[in-house]
Amino acid sequence: MRDRRPLFLMTPALAWLTAFMVVPCLLILALAFFRRGLYGGIDYTLTWENIALVFDPLYAGIFLKSAWIAGLSALIAVILGYAAAYAIAAMPRRHQPLLLFFAVLPFWSNYLVRTYAWIVLLNREGLIVHLARLLGFEGELPRMLYTETAVVIGLVYNYLPFVILACYAPLSRLNPEVTEASRDLGASPWTTFRRVVLPMTVPGIATGFTFVFVLSIGNFVTPALLGGGQFQMIGNLVYAQFLTANDWPFGAALSIFLIAIMMGLLTLQTFASEKASGGRNA
Amino acid sequence: MRNAPLPLMLAILAGVFAFLYLPISVLVALSFNDGGLPTAWTGFSTKWYGALFANADIMGAALNTLIVAVISTILATLFGTLLAVGVEIRRRKGRFLETLIFAPMIIPDIVLAIALLSFFSLLGVTMGLHTIILAHVVFNLAFVCSVVRARLKTFDWSIVEASTDLGAPTFTTLRRVIIPVLSPAIIAGALLAFTLSVDEFVIAFFTAGAGRASTTLPMQIYAMIRFGVTPEINALATIVMGISVLALTLSQRLNRGGLPGQ
Amino acid sequence: MTLLSLLSLQKDFGKMRAVNGVSLDIAENEFFALLGASGSGKTTLLRMLAGFELPSAGQILLDGRDIAQTPPNKRPVNLMFQSYALFPHMSVAKNIAYGLEMEKLPKSEITSRVGEILETIQLSALANRKPDQLSGGQRQRVALARALVKRPRLLLLDEPLGALDKKLRGEMQLELKRIQADFGITFIVVTHDQEEALVMADRIAILKDGALLQVGTPHDIYEHPTSRFAADFIGVMNFFPVHCDGGALRTGKGTLIRATIPDGLTGAAVAAVRPERLRLEVTGCDNILTGRVMALAYHGLDLLLHVETPLAPQPVTIRLTADQAEAHALSPGDPVTLGWSARDTRVFAA
């Protein structure tokens, strides 16, 4: 009875996703194997050149740099986010939804605006420098804006709410009697945390880390605004291939690696979640 | 977790909330600063808001954003809801299907952006607001679908059978039972989609085509940040944040206390 | 008069056969119970009657007409769902009116019929409440009213009392019987609770592995189970492993057990006797047994005595009235002698 209706209901959405996501992505996959045309177009001869070029030390270096920045941002965001989620979960139950709501709220304000806020703070004529002066700091402050640190701060700031949300979910589901049982059996609070709470909340950590890493490594807005073009990340490189260098096939090849990294991480994350839940969600 | 040391927990929360809210609070404060500069408070003023509304470029961009957000939200809500119901009444859970539905939410925006740019260019489609709308529906429908599906997880399907058992044909059941029970989630999903669309920059930037005619608000903000910051941007930022926060608050409200018996 | 006939009804889910060749006649006005453990196929059978599953083979004749392929919304059959399936966004009155609206009845008739049934279930005062503002018992009655108001030929009830607490369950068992008699509608109840089936039903069908094991009145089923499974499933039963040889039953220790032996039974078998058929005054008993008291368990009016005997691996259970128990003043460890008559012994193949 129920067997034909779902298909009918799903058709518009699936058709849309196919036309405007699957097909364009397949197109990118195909583009990566063609040659760049003389005047920026596409020369339809098959080649491995674009893929090989990704491994060129220059571009591989940018990949590594991006991965480093994304990984660092993800790590910091996970530490801060887990601590915040843990603290929220430790508050009285009735206050938790509101605290969580306010933790996530900034996430839904405009990304550019949130990034811009850091320009205002870190600027050479910005608020932090100004405050330091007011507090009597005389010397020259190190440059803060247009540095790697600024990019990491911006990424952590932008994605932290999501990490809090991801970590809170398993923490709030944790049965308090389980931790009490651990204490009852003689474990210290720290041992209880390390051997009971932490393993049970790995899925949230994995989700949070993956999310921040994936969004950071492909990001071009934050490096462009807070990094000020001082260094490139993959996102900026892809951007350049399509909008300035006009080398679409190479841009496509870079995107494929971006997707490959993302899929690899997601697989790891699924694995981590399944392992933590004893494989029951498999 | 009740035995966690309370002062430490409060200190962590205070620190994280300060980190989250200080930067955006500064923007809001600056938007009312007469001098417009972060270095000195020269008095309360709404003049930057006045300047904002007098700026034809910004107002044009705001109108474009509204057009894109409204149309893409309507389409995404319709498709996303049907998709959610379809997926949930299907008994078999296909991994491929799940991936397809999940993909728009996690695919790096730059990848979808350049994929659509290449796709539209090679097809010879003139890009503009319509192509932004087509693109925004892709991820918006996935988000609507996920919100509605979350509601369907706790949905008692036996009420659908009860409706049939009491003599209702399929369409009547959809109209009188399924949609009313899901409506808080559907509206919450729509508000979420609207917010995402209003804020979306990267994909719009790549699929807008050339010319000012299809500039959206985030594109305008990006341009303003990159090429000459004027204090108007603080006012604009405040308004844009306000709209998003309002939509999210509403969406949360609806999805939580909305229906009895959840 | 026969209302419903099931002819060799069968349902397969892939390789799994959920219902296997069920044939059954149910009379007009009957209160019928389908009793079985989870996985016995009773719910699948019920869902085929309601129309939510199509039979893989066989017929469902209602008033002589095959309705096996009729969609659920076109059958004069209604189902009271286990979860009650009340529409959460509609008031009690709206819930009840829903089925009548589907029949496109005039507004005035709908109003009067809803009012009437609200009287019957004594919920008139709560007509405008939403389901989440009702207690479990009230929700159960709304679900019943919503199905009943359509005056179906056949009302199906899926574990109707399953969600209620024990005390309320007892009250509702009688209430359901009263309502069934008042409305003169055939009820088919699916339940896993044998006590519920014994109390409410005119007839019971025991289902096991998708097939009918035994159909009969509660008395038949309780006193004359035709299989070891049925004997074990309904009520409490003491079993003794025996060997049947030349018309005599002997336990492993060689003790003779007197009973009526079913024709053709030889080899390994079990003898069975109900706890209330065992006696402490053994004069005149055909079978006598000695043992040691293991435990006494009070159940209010009566008392269950668990006795360790050499004849059975499990302790033997005897039901005594409080008076009898007092008269014997038994305590754990005391030796006891038990007896019962051959007439009360049932014998099954092992």
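This section describes strand pairing in chain C and the domain division of chain B. The model is predicted, and the statements below refer to that model.

In the UniProt record, an unreviewed entry, residues 4–234 of chain C are listed as "domain: ABC transporter". Over this stretch of chain C, 36% of the chain is helix and 27% is strand. The C-alpha atoms at the two ends of residues 4–234 are 26 Å apart.

Strand S9 of chain C, which spans residues 203–208, is mostly covered, with five of its six residues buried. Two pairings of S9(C) were examined. With strand S3 of chain C (residues 31–35), S9(C) pairs in the parallel sense over four bridges; within this pairing, C:Ala33 has C:Ile204 of S9(C) as its bridge partner. With strand S10 of chain C (residues 211–216), S9(C) pairs in the antiparallel sense over five bridges. Here C:Ile204 has C:Gly216 of S10(C) as its bridge partner. C:Ile204 is thus bridged both to C:Ala33 and to C:Gly216. S9(C) and S10(C) form a hairpin with two residues between the strands, and in this hairpin C:Asp209 takes a positive phi near 50°. In general, strands of a sheet pair through backbone hydrogen bonds, in either a parallel or an antiparallel manner.

A further sheet of chain C is open and consists of five strands in the order S13-S12-S11-S14-S19, with antiparallel pairing. Its edges are formed by strand S13 (256–257) and strand S19 (346–349) of chain C, each of which pairs on one side only. Strand S14 of chain C, covering residues 267–273, pairs with the edge strand S19(C) in the antiparallel sense over four bridges. In this pairing, the bridge partner of C:Ala269 is C:Ala349 of S19(C).

Chain B is divided into domain 1, residues 1–31, and domain 2, residues 44–257. The C-alpha centres of these two domains of chain B lie 29 Å apart. Contact between the domains involves five residues of domain 1 of chain B and six residues of domain 2 of chain B. On the side of domain 1 of chain B that touches domain 2 of chain B, four residues are nonpolar, one is polar and none is charged.

How values were computed: Residues numbered from 1 in each chain as written. Chains lettered and ligands numbered in written order. Predicted model: local features only at pLDDT ≥ 70, side-chain atom pairs only at ≥ 80, totals over all residues. Pairing = 2+ DSSP bridges. UniProt positions renumbered as here; feature names shortened; annotations may be inferred. Buried ≥ 20, exposed ≤ 12 C-beta atoms within 10 Å, placed from the backbone. Domains from an automatic or database assignment. Contact = placed C-beta atoms within 7 Å. Nonpolar A, V, L, I, M, F, W, Y, C, P; charged D, E, K, R; others polar.
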